[in-house]
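Biologist: I should like a close look at a single part of this structure, beginning with one residue and working outward to what surrounds it. Please explain each term as it arises.

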Amino acid sequence: MTSGETFGITNGVITMLSLITGLYSTNVNKIGIMGAIISLLIVDPLSDAYSLYASQKEITNKETAYDISKKAFLSQAIIQSIFLLIIFLTSTVKKGLIASYLTGIMIILGNGQNIYNLIIIFALVALTFFLS
């Protein structure tokens with residue numbers, strides 16, 4: 001796993017779980033959640049990839065910076081698409097939220113991250129719930 005892929009996967013999971021949790025806690029319906037995910041799916045990976053490119057270009061060559069940002073974009077877009085699919089396929093928002101949490105856990109642990117990182121990620125998501 002490269003730094004771009006790890007960034008994209010971790011950021012994709014945190015962003016989607018926080019978004020879905022925040023919208024669920026404010027009683028947004030399934031269509032509203034899917035619309036928010038779609039809009040974020042377009043903007044978030046592009047802006048993060050460009051930010052990574054700009055910062056990496058300062059410390060590495062342009063080809064390495066491009067490779068890192070491309071991997072971050074692809075991994076983040078794929079991860080966020082998975083969460084969109086989960087919400088689309090589940091019958092209720094609550095079931096979609098639960099399935100998203102379980103998927104997020106599997107993705108993070110499958111990405112080689114430890115339990116400590118998982119706890120931090122879910123603390124950030126819980127913060128979103130309580131602030132909403």
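Modeller: The starting point is glutamine 80, which is buried, with a relative accessible area of 0%; buried means under 20% relative accessible area, exposed means over 50%, and partly exposed lies in between, for a 1.4 Å probe and protein chains only. The model is a predicted one, in which local features need pLDDT of at least 70 and side-chain atom pairs count only at pLDDT 80 or more, whereas totals for chains, interfaces and linings use all residues. Residues are numbered from 1 along each chain as its sequence is written, and side-chain values use heavy atoms, with hydrogens and water left out.

Glutamine 80 belongs to helix α3, residues 62-89. Helices here are DSSP runs of H or I with at least four residues, strands are runs of E with at least two, and both are numbered from the N terminus. The side chain of glutamine 80 forms a polar contact of 3.0 Å with the side chain of aspartate 44. Such a contact is a pair of N or O atoms within 3.5 Å; within protein, one atom must be able to donate a hydrogen and the other to accept it, and residues adjacent in sequence count only if both atoms are side-chain atoms. When neighbours within four places in sequence are set aside, glutamine 80 is in contact with Gly12, Thr15, Met16, Ile37, Leu40, Leu41, Asp44 and Pro45, where contact means heavy atoms within 4.5 Å.

Several of these partners also appear where α1 meets α2: Thr15 and Met16 are among the α1 residues there, and Ile37, Leu40 and Asp44 are among those of α2. A second polar residue in this interface is asparagine 11. Asparagine 11 sits in helix α1, residues 3-25, and counts as buried because its relative accessible area is 16%. A polar contact of 2.5 Å links the side chain of asparagine 11 to that of aspartate 48. Beyond four places in sequence, asparagine 11 is in contact with Asp48 and Gln76.

How are the two helices arranged? Two packed helices are described by the angle between their axes and the distance between the axes. The axes of α1 and α2 come within 11 Å and cross at roughly 150°. This angle makes α1 roughly antiparallel to α2. Axes are lines fitted to C-alpha atoms, for helices over the stretch in contact, and angles run from 0 to 180 degrees between N-to-C directions. Angles under 35 degrees count as roughly parallel, over 145 as roughly antiparallel, 65 to 115 as roughly perpendicular, and the rest as oblique. The crossing of α1 past α2 is right-handed; that term applies if the near helix is turned clockwise from the far one by less than a right angle, and left-handed applies if it is turned anticlockwise.

The loop between α1 and α2 contains asparagine 27. Asparagine 27 is exposed, at 72% relative accessible area, and has a positive phi of about 60° although it is not a glycine. Most residues other than glycine have a negative phi.

On its other side, the account of α3 leads to α4. The axes of α3 and α4 come within 9 Å and cross at roughly 150°. The two helices are therefore roughly antiparallel to each other, and α3 passes α4 in a right-handed crossing. Ile79, Ile82, Phe83, Ile86 and Ile87 of α3 make this contact with Gly96, Leu97, Ala99, Ser100, Thr103, Gly104 and Ile107 of α4. Threonine 92 is placed in the loop between α3 and α4 and is partly exposed, at 35% relative accessibility. A polar atom of the threonine 92 side chain lies 3.1 Å from the backbone nitrogen of lysine 95.

The nonpolar surroundings complete the picture. The largest nonpolar core has 23 residues, and Val13, Ile20, Ile33, Ile37 and Phe83 touch the most other members; a nonpolar core is a set of buried Ala, Val, Leu, Ile, Met, Phe, Trp, Tyr and Cys residues joined through side-chain atoms within 4.5 Å. The elements that give two or more residues to this core are α1, α2 (30-59), α3, α4 (93-110) and α5. The most comes from α1, with six residues. Setting aside neighbours within four places, isoleucine 33 is in contact with Ile20, Leu23, Tyr24, Val28, Ile87 and Val93.
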